[in-house]
There are 4 protein chains.
Amino acid sequence: MRPWDGIISDEEQRAYRAAGFGRPSGVGKRPALLIIDVQYRTAGTTPMPFFEAVKEFPTSCGEVAWKAIDNIRLLVDEFRQRGWPVLYPHVAPKNQHEGGRLAEKVPAIMNIAANGYDFVREIAPRPGDVLLPKKHPSAFFATALTSHLIDLQADTLVVTGCSTSGCVRASVVDAFALNFKVLVPQDAVYDRSHVSHAVNLFDMSEKYADVAPTAEITETLRKI
Amino acid sequence: MRPWDGIISDEEQRAYRAAGFGRPSGVGKRPALLIIDVQYRTAGTTPMPFFEAVKEFPTSCGEVAWKAIDNIRLLVDEFRQRGWPVLYPHVAPKNQHEGGRLAEKVPAIMNIAANGYDFVREIAPRPGDVLLPKKHPSAFFATALTSHLIDLQADTLVVTGCSTSGCVRASVVDAFALNFKVLVPQDAVYDRSHVSHAVNLFDMSEKYADVAPTAEITETLRKI
Amino acid sequence: MRPWDGIISDEEQRAYRAAGFGRPSGVGKRPALLIIDVQYRTAGTTPMPFFEAVKEFPTSCGEVAWKAIDNIRLLVDEFRQRGWPVLYPHVAPKNQHEGGRLAEKVPAIMNIAANGYDFVREIAPRPGDVLLPKKHPSAFFATALTSHLIDLQADTLVVTGCSTSGCVRASVVDAFALNFKVLVPQDAVYDRSHVSHAVNLFDMSEKYADVAPTAEITETLRKI
Amino acid sequence: MRPWDGIISDEEQRAYRAAGFGRPSGVGKRPALLIIDVQYRTAGTTPMPFFEAVKEFPTSCGEVAWKAIDNIRLLVDEFRQRGWPVLYPHVAPKNQHEGGRLAEKVPAIMNIAANGYDFVREIAPRPGDVLLPKKHPSAFFATALTSHLIDLQADTLVVTGCSTSGCVRASVVDAFALNFKVLVPQDAVYDRSHVSHAVNLFDMSEKYADVAPTAEITETLRKI
């Protein structure tokens with residue numbers, strides 16, 4: 001079972017097979033872990049059902065976030081143990097006069113309480129980790145992420161965090177365009193919509209990345 | 001009826017309303033039209049059912065392409081009449097040794113017949129139009145599109161072409177990050193998967209762009 | 001007299017004339033002012049001769065900075081009065097583990113005292129101004145400057161600050177590539193080397209920007 | 001003797017020493033060679049004095065080009081022998097309607113005869129080399145150069161070609177910002193102005209790159 005089975009029909013999946021999409025990219029030799037936007041503003045300070053969670057932070061995804069965070073933790077432990085880099089692209093607090101198009105599409109996003117910008121404690125950065133404040137969907141846009149990855153000589157990115165259909169997807173597209181091998185652990189990314197989550201995993205799997213459960217990706221990484 | 005009704009459930013749509021996503025960006029004063037990848041390789045040389053179409057070009061979307069092309073034509077006519085710019089980001093022929101990650105994920109894409117790269121005659125560029133060969137999903141990645149739009153002093157982009165879930169989506173995310181107002185005519189973009197097409201329209205509508213039928217967007221543009 | 005006369009020989013200047021370089025770009029309709037790196041780390045807390053100034057901050061340019069700051073002030077006043085935007089790309093404090101190539105080429109740059117990062121009071125930002133922390137030479141690299149300029153619909157950039165041969169030059173090259181009209185007030189940019197300052201003004205004047213005294217640029221702007 | 005001795009005064013060189021600039025970056029493990037704009041339009045079809053050369057192509061640098069080409073050849077041979085990549089960023093023919101700011105600053109550049117765009121035979125690409133047509137100073141701007149270098153896992157760039165004060169300088173600044181180690185062989189880059197050539201070498205040496213004669217750089221590369 002892939003996460004999109006039953007949402008993308010068998011016939012549509014056959015269409016992609018007929019067209020020749022979705023072959024594996026595989027893994028390189030120097031992986032880096034991206035943890036995107038895992039801040040209380042997307043998870044809530046505790047696991048809560050979605051419609052409660054949005055009362056704390058309108059950008060919260062609710063309980064699904066915390067299931068993913070468990071898996072992100074496993075990946076962080078794995079990367080720490082191997083001495084591989086962990087990078088934290090994250091949402092920078094907004095300035096009222098710098099909203100641009102974002103303030104028009106999602107005005108609520110401009111008024112998140114300050115504690116919403118804190119990293120979720122369970123996966124928080126350690127001294128020496130690269131922190132990349134960002135104001136746009138892609139972790140590469142208007143940040144020095146590419147420069148850091150070149151300095152680290154990374155060839156493979158494991159992309160986790162949220163939202164699957166927003167910043168994760170946008171970052172994966174750029175990572176692919178830059179010729180990094182991209183792995184997306186399907187249970188270590190989260191979204192406020194289950195359907196959009198699944199379809200974005202499908203899109204990424206067919207075009208840009210290898211999508212698999214955290215356990216399977218961890219096994220692959222252990223062979224490096 | 002929005003294109004994603006029945007695919008994104010009412011409850012999930014309510015979730016986005018509760019979070020405050022999807023407000024309109026509106027339109028500026030200097031629109032430009034992007035026609036992305038409308039080449040025979042994505043439409044086929046004639047309208048054909050999908051599983052026949054992929055025999056001609058594996059990247060073909062079949063009949064849905066030609067329905068969208070009818071609407072793109074209407075938009076091109078409108079833009080030509082107003083003297084507004086029309087730009088053509090399009091897939092450049094591949095070199096075997098330059099495939100990178102793309103050649104791994106979608107090997108078939110590396111061997112498209114040469115005529116597949118021709119622009120579909122019905123919407124083909126005229127002398128003086130800006131042509132932007134590209135090798136990556138986003139029309140902005142590794143092209144001079146931003147420079148052209150700044151030179152044209154464009155503030156609004158109408159994004160058409162294909163695929164909705166691939167190059168259209170990737171270009172819309174970058175256009176939004178660059179602070180262009182983005183309009184996506186839902187019936188002037190096309191994709192090989194109906195579900196992915198609809199969910200990508202939903203994602204773009206909630207986060208990055210105003211999504212509406214060509215007729216409605218044309219009406220909006222006429223008020224400029 | 002141009003600032004490079006006597007440094008670039010008459011014959012070399014004739015060579016550029018013969019090749020057809022250095023025509024004027026002119027000015028557009030919506031100018032924005034960039035004040036690059038005018039922080040105490042580049043000027044010193046007071047005007048001092050160079051070899052004293054570097055004892056306070058190794059990146060200080062000494063007295064020449066303060067002469068330029070007088071002219072930047074005039075430009076800031078002009079822009080404030082007209083309601084035109086003033087943007088502040090500036091050096092962000094360094095993290096020891098994020099030095100990359102910069103820490104190799106200029107190790108002293110990694111250990112500037114904290115007050116060196118403060119904006120020089122005479123030209124400091126006001127609430128509502130766009131602040132752009134940066135870690136690389138160009139004000140466009142890994143910052144959202146392009147997004148801001150598109151949002152502001154700027155078509156012309158007046159580039160001031162320091163150093164002429166470093167961040168000013170790098171930013172001017174990118175601004176030119178992005179198709180902004182670029183004006184460089186020769187007496188509102190500064191550098192630790194007089195010769196390099198003059199030759200970089202020459203290079204920019206021949207290839208990328210219109211270079212003139214502040215008074216002349218102010219006059220040009222008043223005609224908008 | 002460095003190329004800028006006698007042009008940048010001893011006192012100014014002492015100023016840079018006092019500030020702590022110009023330490024070596026060194027070399028990594030996977031070098032790539034960039035040959036920038038070595039086309040007949042910058043060298044002339046044969047070695048000619050400058051004021052004759054500009055009659056053939058206004059962008060020609062004359063005899064100095066051919067001296068540099070001799071050294072570029074040595075580097076190409078070295079890289080071919082080691083199986084290291086050689087990439088060719090080069091000027092793409094201009095379209096009259098796409099000139100932007102360049103057409104304003106250097107109108108003559110828009111009308112170069114077609115044969116001017118051919119690669120100089122002595123260093124021309126072989127099948128399998130990466131060709132990167134460009135329309136802006138930096139080899140990185142609006143090209144897929146970064147993607148290629150990530151795919152090749154390059155960590156070090158040897159930058160050759162022309163002009164020292166134009167496309168070479170702009171490319172070196174971007175390469176440095178992206179965290180590549182950069183080597184500039186001072187006698188394998190060329191320019192129409194001797195003074196500007198020397199001062200740009202000085203600027204790059206102090207801030208962005210290791211500058212040395214081809215023979216010395218070759219020796220360094222042989223130790224990899």
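**Strand E5 of chain B and the chain contacts**

Modeller: In this predicted model, strand E4 (residues 156-162) of chain B and E5(B) pair in the parallel sense over 3 bridges.

Colleague: What makes E4(B) and E5(B) a pair?

Modeller: Pairing requires at least two bridges found by DSSP, and E4(B) and E5(B) have 3 bridges, so they count as paired. Thr156(B) is placed opposite Lys181(B) of E5(B).

Colleague: Which strand is joined to E5(B) by 3 bridges and runs parallel to it?

Modeller: That is strand E7 (residues 210-212) of chain B. Val184(B) has Val211(B) of E7(B) as its bridge partner.

Colleague: What do E4(B), helix H7 (residues 164-177) of chain B and E5(B) make?

Modeller: They form a right-handed β-α-β unit. The term right-handed applies because, with the strands pointing away from the viewer, the path from the first strand over the helix to the second runs clockwise.

Colleague: Why is E5(B) said to be largely enclosed by the rest of the structure?

Modeller: A residue is buried if 20 or more other C-beta atoms lie within 10 Å of its own. In E5(B), residues 181-185, 5 of the 5 residues are buried, hence the wording. Lys181(B), Leu183(B) and Pro185(B) point one way, Val182(B) and Val184(B) the other.

Colleague: How do you know that chains A and B are related as by a two-fold rotation axis?

Modeller: A turn of 180° with a shift of 0.0 Å along the axis lays chain A on chain B, at an RMSD of 0.0 Å. The two copies are therefore related as by such an axis. Of the contact residues of chain A, 100% recur in chain B.

Terms used. Residues are numbered from 1 along each chain as its sequence is written. Chains are lettered from A and ligands numbered from 1 in the order in which they are written. This is a predicted model: local features need pLDDT of at least 70, side-chain atom pairs count only at pLDDT 80 or more; totals for chains, interfaces and linings use all residues. Copies are superposed by least squares on the C-alpha atoms of residues with pLDDT of at least 70 in both. Two residues are in contact if their C-beta atoms, placed from the backbone, lie within 7 Å. A residue is buried if 20 or more other C-beta atoms lie within 10 Å of its own, exposed if 12 or fewer, and partly exposed in between; C-beta atoms are placed from the backbone. Helices (H or I, at least four residues) and strands (E, at least two) are DSSP runs, numbered from the N terminus.
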